[in-house]
Amino acid sequence: MVSIRVRPGRAAAAAFRFGMLAAAVTGLVAVVALYWTGELALIAAGYTLLVLFPVYLLIVASVLSVWLDYSKDAAALRPVTRRQNGPE
């Protein structure tokens, strides 16, 4: 049986952008709220924003790309070869 693969379109791109924006706003609001309530010290908030927040965004981007079918497996890879333009 042949499986049909449909490439993600504009709706998937818009959903990815919206998901990343929502995740970024949610993460920033959470850090600010924790700092504002006193649960997070200034140095910990800075560490969270500079070190942990980018890692969080990478994880969110990975999850969204798999969910929206942007992921590629090993079968999608092609070998790279150089063309020979004649004798040198």
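These legends go with close-up views of a predicted model.

**View 1. How helices H1 and H2 pack against each other.** Helix H1 covers residues 10-36, and helix H2 covers residues 42-67. Look at the pair together: their axes sit 10 Å apart, and the packing angle comes out at about 155 degrees. Angles over 145 degrees count as roughly antiparallel, so that is the label H1 and H2 get. As for handedness, H1 passes H2 in a right-handed crossing.

**View 2. A nonpolar patch on the surface.** Six names to find here: Leu28, Tyr47, Leu49, Leu50, Val51 and Leu52. Together they put about 560 Å² of accessible area on show. Helix H2 is the main contributor, giving five residues to the patch.

**View 3. Leu28, a patch member from helix H1.** Zoom in on Leu28, which belongs to the nonpolar patch but lies in H1. Its relative accessibility is 39%. Partly exposed means between 20% and 50%, so Leu28 falls in that class.

**View 4. Gly46 in helix H2, shown with Val31.** Gly46 is part of H2. With 28% relative accessibility, Gly46 is another residue that counts as partly exposed. Now find Val31: along the sequence, Gly46 and Val31 are 15 residues apart. In space, their C-alpha atoms are 9.4 Å apart.

Note on methods. Residues are numbered from 1 along each chain as its sequence is written. This is a predicted model: local features need pLDDT of at least 70, side-chain atom pairs count only at pLDDT 80 or more; totals for chains, interfaces and linings use all residues. Side-chain values use heavy atoms; hydrogens and water are left out. Patches are made of residues with over 30% relative accessible area and no salt bridge: like charges are joined within 9 Å, nonpolar side chains (Val, Leu, Ile, Met, Phe, Trp, Tyr) within 5 Å. Accessible areas come from the Shrake-Rupley method with a 1.4 Å probe; for residues, only the protein chains shown count as cover. A salt bridge is a side-chain nitrogen of Lys or Arg within 4 Å of a carboxyl oxygen of Asp or Glu. Helices (H or I, at least four residues) and strands (E, at least two) are DSSP runs, numbered from the N terminus. Buried means under 20% relative accessible area, exposed over 50%, partly exposed in between (1.4 Å probe, protein chains only). Axes are lines fitted to C-alpha atoms, for helices over the stretch in contact, and angles run from 0 to 180 degrees between N-to-C directions. Angles under 35 degrees count as roughly parallel, over 145 as roughly antiparallel, 65 to 115 as roughly perpendicular and the rest as oblique. A crossing is left-handed if the near helix is turned anticlockwise from the far one by less than a right angle, and right-handed if clockwise.
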